[in-house]
Amino acid sequence: MAGGRREPARAGAGAALGALLCALHVQAACRDTTVTQELLKEGFHRDLLVKVELGEDAGGCAVAAQVRLPPGIYVDPYELATLQQHNLTKAVLFPDAIDVEAPEYLARAAVLLLFLEPDARCSRCLRAAVPVHARYHRPGEGTQQASVVLESPEVLLCCCHGHPSAECWEPAEVDTPCSSDNTSPCQWHRTKHRPVYEESMLRVPVGLREHSSLVCALTLLTTGLCSGLILAAACKYGHFPQ
């Protein structure tokens, strides 16, 4: 009876050991992908630099970084189109219509698919950069800065003439071509073993809410003074029909 009880326990232990060895084999075969991003320059107008080191060679597949842009930051679609015309960057923006004048509290989030180019550092290294811009925020209470959190990009792989390793990559729901020059959509894949993501923080200067009355009064006074000067100059030097 005791021997009969040992058999299921041994079978369970064997199955668990087999699953562990299989997971270790997959993890060893799928090296981690490293993703880093940097916000270059200062002020409201920055450059977002994305660097990726793949765990395995891309093998001729297209590699892109899917960047989720919060409402506090945006990519100018007109600037992006100009850069693509000069082959300075390749990207697809969702949605493609962005209100560049809207403040942060009236804007919507967007998604940028940034195509990566090979980096001379190593055979598995890629990089790309794109201009990004901070939006105006509401005045703050007791602080002169607002924080915009930019999540780490997700690395995507697209192989129109083949399939990446099923052990390392899984299909991703991305309805876009494998390149910005192609119009036919292909199947994109994301890595099964998620790399360590690091968020980037953008500090945006804002006004103080307690200064609102003073700012409104000075704005009204300045507007009235300038309007009076313009009207006086028009009456003095203007030529009006009799």
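Me: Is Lys-41 buried or exposed?
Reply: This is a predicted model, where local features need pLDDT of at least 70, side-chain atom pairs count only at pLDDT 80 or more, and totals for chains, interfaces and linings use all residues. Residues are numbered from 1 along each chain as its sequence is written, and side-chain values use heavy atoms, with hydrogens and water left out. Buried means under 20% relative accessible area, exposed over 50%, and partly exposed in between (1.4 Å probe, protein chains only). Lys-41 has a relative accessible area of 52%, so this residue counts as exposed.

Me: Which residue does Lys-41 meet in a salt bridge?
Reply: A salt bridge needs a side-chain nitrogen of Lys or Arg within 4 Å of a carboxyl oxygen of Asp or Glu. For Lys-41 the N to O distance is 3.3 Å. The partner is Asp-47.

Me: What is the phi of Lys-41 in the turn between β1 and β2?
Reply: Helices (H or I, at least four residues) and strands (E, at least two) are DSSP runs, numbered from the N terminus. β1 and β2 form a hairpin, with four residues between them. Lys-41 sits in that turn, and its phi is positive, at about 70 degrees.

Me: How many bridges join β1 to β2?
Reply: Two strands pair if DSSP finds at least two bridges between them. β1 and β2 run antiparallel. Thr-36 stands opposite Lys-51 in β2. The bridges between β1 and β2 number seven.

Me: Which side chains of strand β1 point to one face and are buried?
Reply: Strand β1 covers residues 34-40, and its side chains alternate. Thr-34, Thr-36, Glu-38 and Leu-40 point to the other face and are not buried. The buried face holds Val-35, Gln-37 and Leu-39.

Me: How many helices and strands does the protein chain have?
Reply: The chain has 242 residues, and 36% of them count as buried. Its contacts (heavy atoms within 4.5 Å) include many across the sequence: of those with a separation of 6 or more, 69% are between residues 24 or more positions apart. The secondary structure comes to three helices and 13 strands.

Me: Which residue in β13 does Val-148 stand opposite?
Reply: Strand β9 (residues 145-150) and β13 run antiparallel, joined by six bridges. In β13 (residues 200-205), Ser-200, Leu-202 and Val-204 point to one face and are buried. Met-201, Arg-203 and Pro-205 point to the other face and are not buried. Val-148 stands opposite Leu-202.

Me: Which cysteine does a disulfide join to Cys-122?
Reply: A disulfide is a covalent bond between the sulfur atoms of two cysteines. The rule here asks for a pair of cysteine sulfur atoms within 2.5 Å, and the count comes to one disulfide. In this pair, S to S is 1.8 Å. The partner of Cys-122 is Cys-125.

Me: Why is the disulfide of Cys-122 and Cys-125 right-handed?
Reply: Cys-122 is partly exposed at 26% relative accessibility, while Cys-125 is buried at 3%. The disulfide is right-handed because the torsion about the S-S bond is about 90 degrees.

Me: What relative accessible area does Cys-226 have?
Reply: Cys-216 is exposed, with a relative accessible area of 54%. Cys-226 is partly exposed, at 39%.

Me: How many residues apart in sequence are the parts that Arg-124 and Glu-53 tie together?
Reply: Arg-124 forms a salt bridge with Glu-53, with the closest N and O atoms 3.8 Å apart. Arg-124 lies in the loop between β7 (117-118) and β8 (125-134), and Glu-53 in strand β2 (residues 45-53), so the pair ties together parts whose separation in sequence, in residues, is 71.

Me: Which residues are joined into one network by salt bridges that share partners?
Reply: The side chains of Asp-119 and Arg-127 meet in a salt bridge (3.8 Å, N to O). Asp-119 is buried at 11% relative accessibility, and Arg-127 is partly exposed at 32%. The network joins Asp-119, Arg-121 and Arg-127.

Me: How many salt bridges does a search of the whole structure find?
Reply: Among them is the pair of Arg-124 and Glu-53. Arg-124 is partly exposed at 24%, and Glu-53 is partly exposed at 30%. The search finds seven.
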